[in-house]
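Me: I've got a model open and I'd like a close look at one part of it. Could you talk me through it in one go, without skipping the numbers?

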Amino acid sequence: QAGEPTLADLSRALVAAWGTDYGVHSPTWISRFTDMTRQAASYRKGRVLLAGDAAHVHYPVGGQGLQLGVQDAVNLGWKLAQVASAASPESLLDTYHAEQHPVAARVLRGTMAQTALTRSDARIDALRETMAELLSMDEPRKRYAARMSGLDIRYDLGDGHPLLGRRMPDLDLVTADGPVRVFTLLHDARPVLLNLSEPGGYDITPWADRVRLVDAKYAGPWELPVLGTVTAPAAVLIRPDGHVAWTGTGDPASPGLREALTTWFGPPAAQPDLPVTAA
Ligand SMILES: Cc1cc2nc3c(=O)[nH]c(=O)nc-3n(C[C@H](O)[C@H](O)[C@H](O)COP(=O)(O)OP(=O)(O)OC[C@H]3O[C@@H](n4cnc5c(N)ncnc54)[C@H](O)[C@@H]3O)c2cc1C
């Protein structure tokens, strides 16, 4: 339907559905939403970037729209800052579409499926009962909860440790300055290289103006949504959006670290050649 909805429209709809409008009056705001499902083909064109409902809309079932939009902003914000400050090339902005477009496409598929389940005929009723049976089982329930909460999001940053591209868990760490939680380290919206092996094992001087290096210990399990416990990495490079850009194996040469630092946080600052190696 086109045009702004009015109180008379609402009253008529209530009477049609319930036989009464319950005396509804004095609304401060009336708006209309539908099960329209749309996604922008591209999230970036030059200097124009789309985020939130401007990039994707869907039926509100499952309450995922706002979190999806916030995730867009959190994925994009630090990249914009790095490009604006000339720390990174403009191409970094293209990773925003590459990472977040598939995330929203999956949400849209999910809400379309859920919308279908809200209809009623014998076949849909049977499908809904089948889904309900599935969701009474632990594994499907865990997967769906992780999917709808967005906690299972994995950006495709290549093969490697299961943490790669996933959201860093909020671990309780111990540092020389006392206990601290991982997410507290991210409050500055700056990248963090978390060294969980021997203190002083990494030298990232060429990125020291952008990346914070934290030596810490963590003794507990590494639990990820859906996957469960994964092996503990020796070090983790965490992006400002909380996703893991690189994991260390304890190999003193730290393979891939220099590349990950350059890809996400820009080329090393000009200074004498300082290899990124374990001490
Ligand atoms: C009934 C309903 C229930 C929902 N429930 C949930 C939920 O439980 N959980 C959840 O995560 N999400 C939910 N959502 C989705 C969520 O509300 C949206 O995804 C979210 O508000 C989108 O935020 P946004 O900032 O991208 O866009 P908007 O909130 O639409 O903000 C855009 C703003 O831009 C303004 N604007 C538009 N054009 C112009 C212009 N030309 N100049 C200046 N300003 C302009 C608009 O007035 C508006 O204030 C629900 C949505 C609906 C309809």
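What follows is a request about one helix and a connected reply.

The part I'm after is helix H3: at what angle does H3 pack with H2, and which residues of H3 meet H4?

Reply: Sure, with the reminder that this is a predicted model. Helix H3 covers residues 94-118 and helix H4 covers residues 122-134. Let's take the H2 side, then the H4 side, and then look outwards.

H2 and H3 pack at an angle of about 175 degrees, and their axes are 10 Å apart. An angle over 145 degrees counts as roughly antiparallel, so that is how H2 runs relative to H3. On the H2 side, the contact uses Leu68, Gln71, Asp72, Asn75, Leu76 and Lys79. H3 answers with Thr95, Tyr96, Glu99, Gln100, Val103, Ala104 and Val107. Sorted by class, the residues of this contact come out as six nonpolar, four polar and three charged.

Two residues from that contact deserve a zoom. Asn75 sits in helix H2 and has a relative accessible area of 1%, which means Asn75 is buried. Setting aside neighbours within four places in sequence, Asn75 is in contact with Tyr96, Glu99 and Gln100, and also with Tyr155, Arg239 and Asp241. Of these partners, Tyr96, Glu99 and Gln100 are part of the H3 side of the packing. Over on helix H3 itself there's Ala104, whose relative accessible area is 0%, so Ala104 is buried too. With residues up to four places away in sequence left out, Ala104 touches Gln39, Tyr43, His56 and Leu68; Leu68 is one of the H2 residues in the helix contact. For a longer-range handle, Ala104 and Trp264 are 160 residues apart along the chain, and 22 Å separates their C-alpha atoms.

Now the H4 side. Here the packing angle is about 120 degrees and the axes are 8 Å apart, so H3 and H4 are oblique to each other. Ala116, Leu117 and Thr118 are the H3 residues involved, and they meet Ile124, Leu127, Arg128 and Met131 in H4. That contact splits into five nonpolar, one polar and one charged residues.

If you walk back along the chain, you get to the loop between helix H2 (65-84) and H3, and that's where Ala86 is. Its backbone is worth a check: phi of Ala86 is near 65 degrees, a positive value in a residue other than glycine. For context, most residues other than glycine have a negative phi. Ala86 has a relative accessibility of 65%, so it counts as exposed. There's a second case at Tyr22, in the loop between helix H1 (7-18) and strand S1 (38-39). Phi of Tyr22 is near 55 degrees, again positive without a glycine, and at a relative accessible area of 59% Tyr22 is exposed.

Zooming out, the chain is divided into domain 1 (33-149) and domain 2 (172-265). Their C-alpha centres lie 28 Å apart, and the contact between them takes 13 residues from domain 1 and nine residues from domain 2.

Two arginines are worth a stop while you're there. Arg166 is found in the loop between helix H5 (138-149) and strand S5 (172-175). The relative accessibility of Arg166 is 19%, and the limit for buried is under 20%, so Arg166 counts as buried. A polar atom of its side chain lies 2.8 Å from the backbone oxygen of Pro162. Beyond four places in sequence, Arg166 touches Ile153, Arg154, Leu224, Leu227, Gly242, His243 and Val244. Arg166 and Ala245 are 79 residues apart in sequence, and 8.5 Å apart from C-alpha to C-alpha.

Arg210, in the loop between strand S7 (192-195) and strand S8 (212-215), is buried with a relative accessible area of 13%. Its side chain has a polar atom 3.4 Å from the backbone oxygen of Gly266. The contacts of Arg210, leaving aside neighbours within four places in sequence, include Ala87, Arg190, Pro191, Phe265 and Gly266.

Methods:
Residues numbered from 1 in each chain as written. Predicted model: local features only at pLDDT ≥ 70, side-chain atom pairs only at ≥ 80, totals over all residues. Heavy atoms only, no water. Axes fitted to C-alpha atoms, helices over the stretch in contact; angles between N-to-C directions. Helix = DSSP H or I, 4+ residues; strand = E, 2+ residues; numbered from the N terminus. Parallel < 35°, antiparallel > 145°, perpendicular 65-115°, else oblique. Contact = heavy atoms within 4.5 Å. Nonpolar A, V, L, I, M, F, W, Y, C, P; charged D, E, K, R; others polar. Buried < 20%, exposed > 50% of the residue type's maximum accessible area, 1.4 Å probe, protein only. Polar contact = N/O pair within 3.5 Å; in protein donor to acceptor, adjacent residues only side chain to side chain. Domains from an automatic or database assignment.
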